[in-house]
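Here is a walk through one protein chain, from the overall picture down to single side chains. Keep the structure open and turn it as you read.

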Amino acid sequence: MTKPQSPPQSIADMLNARFDTLTRAEKQLANSLLDNYPVSGLASITAIAQAAQVSTPTVARMVQKLGFVGFSEFQARLRDELEARISNPISKHDLWAGDAPDTHMLNRFADAAMQNLRQTLAQIDPKDFDAICAALADKQSRIYVTGGRITRSIAEYLFTHLQMLRGGVTFLPAGDGTWPHHLLDLGAGDIFVMFDMRRYENTVLRLAELAAARGATIVLFTDQWGSPATKHARFRINCRIEAPSAWDSAAAMLVIVESLIAQVQQETWQDSRARMDALEDIFDTTGLFRKFK
């Protein structure tokens, strides 16, 4: 069986991975490119150099350090990334349908989902994962969770489980106009978990900007290209999402979220068990679940 080929690493990932090896001027250039990525890299080489306040040769040298033959190849990759990030469901369907293997959809979709998960896990730093779990397990901090039009369901899934494990957890429906009220109590030491996949939503970006300004630690779940909210995030988990469908797959993201829930439960079990016992008593009192005798 042929091993699935990994998609090319994004230029943003390249810059972040190699940041410590760059010169001072190159780091200045990298920060400028990442500030409004990927659009910031689509101007002329002279304009990019001026925006970063570096020389044109600095841009050319860093492009070659990233493995590109020249500036034109660098920009071609950026344009490909931009096209992938803004693809709507119809264009994504047409792309997949034109090159679809002749197998059953169950197999095609499962193969894509498993490949997404493998590639997602390969890019997660276990230390970052552990740090996220430790922050969510810390009862001294308050937790806020939000998502976009599609990712809202995963955000609510995380919220429901965290609320069973500990107190001080709030779910923000980002599009209902009430979220600014929650920012009144948000501050340093609080954790804000956000979900944002391509066709990135302006509300999530604005929330990230405001939450970061108030000192909150932002944990961002996004796709392989990265939401614009990335620049405000302390922790970022990039999940692979492409699938043979007009819509993206959230399977890899859900597995990471469930892993996170399991780890937080393990770290808080002494307290969370008592909390869950109390919740079960409430369930019995209200008759929410059917009992079989």
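Of the 293 residues in the protein chain, 41% are buried. Keep in mind that this is a predicted model. The chain holds 13 helices and five strands. If you take the contacts between residues at least 6 apart in sequence, 70% of them join residues at least 24 apart.

How far can you trust it? The mean pLDDT of the chain is 84, and 88% of the residues reach 70 or more. At the start, residues 1-6 have a pLDDT below 50, and beyond near neighbours in sequence that stretch has five contacts in the model. Among the elements, strand β3 (residues 191-196) has the highest mean pLDDT, 95, while helix α6 (residues 89-97) has the lowest, 52.

**The sheet**

Now to the strands. Five of them form an open sheet, and the order is β2-β1-β3-β4-β5, with parallel pairing. β2 (169-173) and β5 have a single partner strand each, so one side of each has no neighbour in the sheet. From one strand to the next, the twist averages 15°. Strand β1 (residues 143-147) pairs with β3 in the parallel sense, over four bridges. To find that pairing on screen, pick V145: its bridge partner in β3 is V193. Helix α12 (residues 251-267) packs on the sheet and touches β3, β4 and β5. The direction of α12 makes about 145° with that of β4.

**A helix with a buried face**

Which residues of helix α4 are buried? In this helix, residues 56-65, they are T58, V59, M62 and V63. Look down the axis of α4 and these buried residues fall within an arc of 135°, so they line one face of the helix. K65 also belongs to α4, but with a relative accessible area of 40% K65 is partly exposed. Leaving out residues up to four places away in sequence, K65 touches R18, T21, L22, T23 and E26. One of these makes a handy distance check: K65 and L22 are 43 residues apart in sequence, yet their C-alpha atoms are 8.9 Å apart in space. After α4 comes G67, with a positive phi near 100°.

**Aromatic rings**

The count of aromatic pairs comes to five. Two of them are worth setting side by side:

| Pair | Centre to centre | Angle between planes | Arrangement |
|---|---|---|---|
| F68 and F74 | 5.7 Å | 80° | edge-to-face |
| F159 and F171 | 5.7 Å | 35° | tilted |

F68 and F74 are part of a bigger group, in which ring pairs link F68, F71 and F74 into a cluster. Are F68 and F74 buried or exposed? F68 counts as buried at 6% relative accessibility, and F74 counts as buried at 2%.

The pair of F159 and F171 links distant parts of the chain: F159 is in helix α9 (residues 152-165), F171 is in strand β2, and they are 12 residues apart. F159 is buried, with a relative accessible area of 14%. F171 counts as buried too, at 16% relative accessibility. Since β2 is an edge strand with a single partner, F171 is a good place to start if you want to look at that edge of the sheet and find its ring partner F159 in α9.

**A loop histidine**

Where does H232 lie? You'll find H232 in the loop between β4 (217-223) and β5 (235-239). At 23% relative accessibility H232 counts as partly exposed, because buried means under 20%. Set aside the neighbours within four places in sequence, and H232 is in contact with L205, A208, E209, A212 and I218. Of these contacts, I218 falls within the residue range of β4. For another distance check, try A216: H232 and A216 are 16 residues apart in sequence and 9.9 Å apart in space, C-alpha to C-alpha.

How values were computed. Residues numbered from 1 in each chain as written. Heavy atoms only, no water. Buried < 20%, exposed > 50% of the residue type's maximum accessible area, 1.4 Å probe, protein only. Helix = DSSP H or I, 4+ residues; strand = E, 2+ residues; numbered from the N terminus. Arc of directions from axis to C-beta. Contact = heavy atoms within 4.5 Å. pLDDT = per-residue confidence, 0-100. Pairing = 2+ DSSP bridges. Axes fitted to C-alpha atoms, helices over the stretch in contact; angles between N-to-C directions. Phe/Tyr/Trp six-rings, centres within 6.5 Å; stacked < 30°, edge-to-face > 60°.
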